[in-house]
Structure formats: C-alpha cells, structure tokens
Amino acid sequence: MTAGLREAINGGRLASGARLPATRVLAAELNISRGVVVEAYQRLIDEGLATGRTGAGTTVLGHGRDAEPPSDRRRALDDLRLPLPPPEHIDIDLSPGVPDLSAFPRAQWLRAERAVLDEITAADLGYGDPGGTPRLRAELAGWLRRTRGVRAEADDIIVVGGVAQALALLAQTLHAGGVTAAAVEDPGSRGARDQMAHWGVRPEGVPVDDEGILVDRITQEAAVLTPAHQFPTGVVLSPARRRALLEWGGLVIEDDYDAEHRYDRAPVAALQGSAPERVAYSGSVSKSLAPGMRIGWLIAPRRLQAALLEAKHDTDLGSPAIPQLVLARLLSNGDYEKHLRLVRGRQRRRRDALLAALRQHLPAARVTGVAAGLHLVVMLPEPMSDAILAERAAADGVLVHPLSWHRLQPGPPGLIIGYAAHSPDRLAEAAKRLGSLTLPRP
C-alpha cells in the first residue's frame, strides 16, 4: 500500500496539498485493517512525502523540485493556533467554545435588520465613532449593568471585533506603556496567550486550582483572567481569591467569555463592578449568537480609554455599523434574552447527555467545574498522554482538545470537550468512540 501511495505522489496523481482520506475511512473502503493505513501514512511522513498534524489529517507535500508546494495561505492557516474550521475528515467536532450555530435566531435577526434598514440615515452609513454606534453602546451599558453588575456609561464602551480584538488593543496599549509581561491562567486560554504575545506582552503562567488562579503568585503588572467560569477547568474564582485580586495592585483583564451560560444558578457578578478603575472588562456574542458575528465590547479604566480608542481607530476605523444597530434592537426588544433562555435549556440537556455517556463509556474519567459554559473538562487517569488520545480520537473522526494544549507547565492529563453544537445522540456517539480507544501511556 505504501508503494502505491508513493508512486501516486511521485507521479503527480496525488497533488501537493491534497488531503489523504481519514485512516478509518480508507481502511473501510479497502476492507483492510486501519493499522495498515496508519503505518502507510507514517511511512510517507517519514519519507517527507506527506505531513500530519493532530486534528488536521495527513496532507501530501509532493516530491522533488517540480512539485507544487502548498499555497502560502494554506500553510499560514495550518500554522495558526486560534480557532479554525475543522478538517474535512472530522465528523464530530467537539472543539471548546463553539455554540449551537443552528440555533442562531435567523428570523429575529432578519426582522430587526429590516427595521434598522427602514430607519437608518445616511449619517449612520458613514464613518462614525470608532468606539461603536451610540445606540449599541447605550443598550450594552444597560444590559451589562442589569445582567453582569458592570458599572459603565455608554461612553466607557468600545465596540470591538470580539474578545480577540479587545485583547489585541489592550496588549498594544500596555506594551506602549512599558508593560512587557502579563500573568495568565495555567491552564488557560491558548488563544488569549497567543494574542498577548503577538502584540509584545509576554504571557507568564500562574497555576489554577479548584478556587481559581493563585493570586498570591501574580507578580506581573497585568493579569488576564476568566473569573466567572475559568477556561478550561470550569471553576469559579472563589470569594477569597476575588477579594485578594481586588486588593492586588495591577490591571485585571476580565474575559467574561461565557458567563451567560450558567445552568444551575445565576452566575457570579463581573469583577469590573467592584473595581471599574482597576478592571478592563471584555465580552462578546461569540458564545451566545455566533463567533462569525465578530461583535464584542471592551470597558477599560478611564485612564486607558483614550489610548484604546486611538488604537481601535488606527486598526479598522470602527466596527461595521449595521450589525451593531441590529444587535442593539435585539437587546432593546427582548429577543436577545429570549434567545439566551432557549439555548441555555438546550445546552443544559446536552451537557447532561454527555455526562451520562461519559459515565458509561469512560467511567475512570473525572469531570471538573460547575454546570456552565459550552464545554467540560474530563480529567484522565495518570499516567496517560492526552495529546496521543486526542490524536487517536481525531483519526476516528472526533475532534477534542487535549488539556496539555492549554498548559504552559506540565500537569495532569485531560480532554476538553465542547458539547453545545451537537445533539444528545451525537454526543453519546462521540463518548462511545472515545471510550473504545486504547488509553495510551506516555
């Protein structure tokens, strides 16, 4: 089999950049053992004719001087570590942070968009305030005050392209002010670390336990945190740690990434409400509506707002106006709240279904965190390699994140499993596939 694939690559029948079928699929088509296919693919990788990456499958590199290399764009996408579309061979994508996109309120959005277009003025379509449309900022100020305990006026809010842009603007502003390092949770959001590092602020890990980040270990001038529902462990920052953090003298960057998804009780209030002069608060609709909307908000201490607004203007002159006005209308007429209530009920049922399936198929695993969010963490028995298990799961069509991807320092193995985007029966199927894998040892 290896010889046939090698000949197809060398002869050009398999072009450079082509993705080979998933090992499970090809083995079924050829009616052979999947181990034979895995071995053949590994030989191609060893010979430099193909490349493989966890979750991305096996891709032909080509042969010789005349082979067509993958496009620069394709190589760039493969190298990115921020969220990207899953590879084609994945049929159950359990990446964390992905909401139920099928639940997007299309009818309500379309109705609101028509109303906005009926009312919009020529001035609304021109270059406006780079911090966002006044109507959305006013609606956000009221909604965040009521639901998250945030203390801010409309003029304190900058509308951004998601939390990623909020972090980028903060990192640029901090770096310009001489800040070269920030504390980050360990384990914590790999995407947040990448954003800070890209803009010149070095992320330095501080351990997380069952009460959240160890505040007494923070020595940097700024700290990036997810206090309402820590990513990825799912713990809530304890009252004692909250008090210690508010007594600490640096800037808290609060990522309130999925606080609206608490299923057993109301979520704890945002830290920003207790110390608006010390907390830069960010959130978005990426986990409630869709990440493709690219709408978020940033509320920073007033001493930083002028510099942040200038950075936003220099970046893109401001976010698109029409989606902002549509979201403002959904907030004002109650449709956004109705949508959140709908998806909360659905996601709670999906979480319960996944927990039941994991108890059946992975009885030795332990789930951490509170009943909230779009994912859960399954801690695995030690010693075990979560990266190898995730790689085997991807080969079987199930995409999960190994906990080690989100660590700076070594720690216990685990899997991060997103459940919001799949029905209970698909979640049960995913758990069954995970349970059928031979649990790998390092």
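How many of the five residues of strand β9 (residues 251-255) are buried? I began with this question, keeping in mind that the model is predicted, and I found that five of its five residues are buried, so that I noted the strand as mostly covered, a residue counting as buried under 20% relative accessible area.

**Entry on β9 and its partners.** I then looked at the two faces of β9 separately and found both covered, with L251, I253 and D255 buried on one side and V252 and E254 buried on the other. In a regular strand the side chains alternate between the two faces of the sheet. For the pairing, I recorded that strand β8 (residues 222-225) and β9 are joined in the parallel sense over four bridges, and that A223 stands opposite V252 in β9. Following the chain from β8 to β9, I passed through helix α9 (residues 239-247), and I noted this β-α-β crossover as right-handed. I also looked up strand β10 (residues 279-284), which runs parallel to β9 and is joined to β9 by four bridges, with A280 in β10 as the bridge partner of I253.

**Entry on V285.** Where does V285 lie? I located V285 in the loop between β10 and β11, and I noted that V285 is buried because its relative accessible area is 0%. Leaving aside neighbours within four places in sequence, I listed the contacts of V285 as A290, M293, I295, W297, L327 and Y336. As a check on distance, I took the C-alpha to C-alpha separation of V285 and A3, which is 50 Å in space for 282 residues in sequence.

**Entry on the nonpolar cores.** I next turned to the largest nonpolar core, which has 30 residues, and noted L144, W297, L327 and Y336 as those with the most contacts inside it. At least two residues of this core come from each of α5 (106-119), α6 (134-148), β4 (157-160), β11 (296-299), α11 (321-333) and α12 (335-361), and α11 gives the most, with six residues. For W297, not counting residues up to four places away in sequence, I found contacts that include L140, W143, L144, I157, I158 and V160, as well as Y281 and V285. Apart from this core I noted another, of 28 residues, among them L355, L362, L389 and L437. In soluble globular proteins, nonpolar side chains tend to be buried together.

**Entry on T133.** Is T133 buried or exposed? I placed T133 in the loop between α5 and α6, and I noted T133 as buried because its relative accessible area is 12%. Beyond residues up to four places away in sequence, T133 touches A321, Q324 and L325.

Methods: Residues numbered from 1 in each chain as written. Predicted model: local features only at pLDDT ≥ 70, side-chain atom pairs only at ≥ 80, totals over all residues. Heavy atoms only, no water. Core = buried A, V, L, I, M, F, W, Y, C linked by side-chain atoms within 4.5 Å. Buried < 20%, exposed > 50% of the residue type's maximum accessible area, 1.4 Å probe, protein only. Contact = heavy atoms within 4.5 Å. Pairing = 2+ DSSP bridges. Right-handed = clockwise from strand over helix to strand, strands pointing away.
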